[in-house]
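Take a look at the sequence and the 3D view below. Then let's walk through charges, pairs and strands, one stop at a time.

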Amino acid sequence: MKYRTLGRTGVRVSPYALGAMMFGAMGNPDHGDSIRIIHKALDAGINFVDTADVYSQGESEEIVGKALNGRRDNVVLATKVHYPMDDDPNHLGNSRRWIMTAAENSLRRLKTDHLDLYQIHRPDPTVDIEETLSAMSDLIHSGKVRAIGASGFPPSEIVEAQWVAERRGLERFRTEQPPYSILNRGIEREVLPVCQRYGMGTLVWSPLSQGLLTGRFRKGQQTDTHRSGGMPQHFTNERKLDVVEQLIPIAEGAGLPMTHLAMAFVIAHPGVTSAILGPRTMTQLDDLLASADVTLDDEILDRIDEIAPPGTDTASNDVAYTPPAVTNTSLRRRPAAERSAA
């Protein structure tokens with residue numbers, strides 16, 4: 001396994017990172033099996049493991065903690081905070097109050113005294129970014145966190161966070177974790193260039209587009225899988241399926257499984273540090289690990305560009321962050337009495 005520098009942190013990480021979202025009740029409830037998957041990934045040379053407190057409500061972190069017993073020093077360990085963990089109205093978000101508590105909870109579940117990377121899982125419009133960065137900075141100064149990052153932040157908020165950190169003398173985000181795949185290339189337009197400008201590492205997730213790029217989902221065919229049950233609209237989207245149908249002959253012509261084409265595509269971008277694998281089973285991990293030495297030549301990349309143009313999403317990105325300016329109707333509509341021009 002080759003290694004890349006995580007932004008300008010000096011930390012070397014594998015181009016494939018192991019995502020732990022599928023370990024626990026959300027995916028694979030068998031702790032022993034999940035631990036074996038983690039160990040196999042580490043044995044293959046993957047040295048970066050990414051989880052989050054919200055994954056199976058802490059169960060994923062507990063599994064990762066058990067798996068890293070005796071191997072912690074050789075792993076770059078990351079987790080996240082933001083999403084609600086219970087019904088308490090203050091047990092969520094990006095406030096100092098919650099971040100400090102959530103960090104301690106994650107450290108306990110992960111059975112470690114420090115996090116190599118602590119990430120804000122999503123933006124929180126209710127909290128001043130200075131409040132968030134101040135809390136994260138204190139965690140770094142206390143030795144409980146080595147570096148901080150963001151996930152799903154729009155480019156404008158990435159830039160704002162960098163400026164606030166510089167002006168207030170706070171620690172800055174060193175990484176961003178956005179969704180990226182052949183079907184969803186929107187981050188090529190601004191997010192990746194902004195991250196490169198500020199020397200941030202990028203840890204892209206969903207390189208298989210939630211499974212749509214496995215080749216198992218074809219136009220006119222019905223397929224029931226663990227993932228498709230929760231997002232049926234994603235797996236029946238005609239525009240996405242049209243692109244998949246055009247990609248399959250390219251993969252076949254190159255002698256590659258679709259999964260290998262998809263993985264090799266995302267790590268070929270110079271702005272991408274690591275692509276996060278999210279296996280639920282050992283078979284899935286084995287398939288993804290087998291793609292580690294695949295290189296796509298310019299001809300194949302050019303053909304992909306023709307089918308899925310650079311900087312564009314084939315259709316709406318089902319898993320990307322949508323800001324309140326879009327989701328909140330009151331922010332998109334003036335009061336009725338003020339809507340006319342005269």
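## A negative patch on the surface

Start with the surface of this predicted model. Here you'll find a patch of negative charge, built from Asp297, Asp298, Glu299, Asp302 and Glu306. Let's pick out Asp302, which sits in helix H11, a stretch covering residues 298-307. Is Asp302 buried, exposed or partly exposed? With a relative accessible area of 44%, Asp302 is partly exposed, because that label covers values between 20% and 50%.

## Salt bridges across the chain

Now for charges that pair up. Side chains of opposite charge can pair when their charged atoms come close. How many salt bridges does the structure hold? The count is 12, and we'll visit some of them here.

Begin with Lys40 and Asp286, a salt bridge whose closest N and O atoms are 2.8 Å apart. This pair links distant parts of the chain, since Lys40 belongs to helix H1 and Asp286 to helix H10 (residues 282-289), with their positions 246 residues apart in the sequence. Lys40 is partly exposed, because its relative accessibility is 35%. Asp286 is partly exposed too, with a relative accessible area of 31%.

## A buried pair

Next up are Glu61 and Arg109, another salt bridge, and its closest N and O atoms are 2.7 Å apart. Which helices does this pair link? Glu61 is in helix H2 (residues 59-67) and Arg109 is in helix H3 (residues 96-110), and the two residues are 48 apart along the chain. Are these two buried or exposed? Both Glu61 and Arg109 are buried.

## Back to helix H11

Remember the helix that carries Asp302? There's a salt bridge to see there as well: the side chains of Asp305 and Arg185 meet at 2.8 Å, N to O. Asp305 lies in helix H11, while Arg185 is in the loop between strand S8 (173-177) and helix H6 (191-197), so this pair ties together parts that are 120 residues apart in sequence. The story grows a bit from here, as salt bridges with shared partners join Arg185, Glu188 and Asp305 into one network.

How do the two ends of the Asp305 and Arg185 bridge sit with respect to the surface? Arg185 counts as buried, because its relative accessibility is 4%. Asp305 has 26% relative accessibility, so it counts as partly exposed.

## Strand S10 and its neighbours

Let's leave the charges and turn to a strand. In a regular strand the side chains alternate between the two faces of the sheet. Strand S10 covers residues 274-277, and Ser274 and Ile276 point one way while Ala275 and Leu277 point the other way. All of these residues are buried.

Which way do the partner strands run? Strand S3 (residues 16-19) runs parallel to S10 and is joined to it by 3 bridges. Strand S9 (residues 201-204) also runs parallel to S10, with 2 bridges joining them. You can find the pairing residue by residue: Leu18 stands opposite Leu277 in S10, and Leu203 stands opposite Ser274 in S10.

## One more stop in helix H1

Helix H1, the home of Lys40, spans residues 31-43 and also includes Gly32. Gly32 counts as partly exposed, because its relative accessibility is 30%. How far apart are Gly32 and Ala103 in space? Going from C-alpha to C-alpha, the distance is 25 Å, and in sequence the two are 71 residues apart.

Terms used
Residues are numbered from 1 along each chain as its sequence is written. This is a predicted model: local features need pLDDT of at least 70, side-chain atom pairs count only at pLDDT 80 or more; totals for chains, interfaces and linings use all residues. Side-chain values use heavy atoms; hydrogens and water are left out. Patches are made of residues with over 30% relative accessible area and no salt bridge: like charges are joined within 9 Å, nonpolar side chains (Val, Leu, Ile, Met, Phe, Trp, Tyr) within 5 Å. Accessible areas come from the Shrake-Rupley method with a 1.4 Å probe; for residues, only the protein chains shown count as cover. A salt bridge is a side-chain nitrogen of Lys or Arg within 4 Å of a carboxyl oxygen of Asp or Glu. Lys and Arg count as positive and Asp and Glu as negative; His and the chain ends are not counted. The place of a charge is taken as NZ of Lys, CZ of Arg, CG of Asp or CD of Glu. Helices (H or I, at least four residues) and strands (E, at least two) are DSSP runs, numbered from the N terminus. Buried means under 20% relative accessible area, exposed over 50%, partly exposed in between (1.4 Å probe, protein chains only). Two strands pair if DSSP finds at least two bridges between them.
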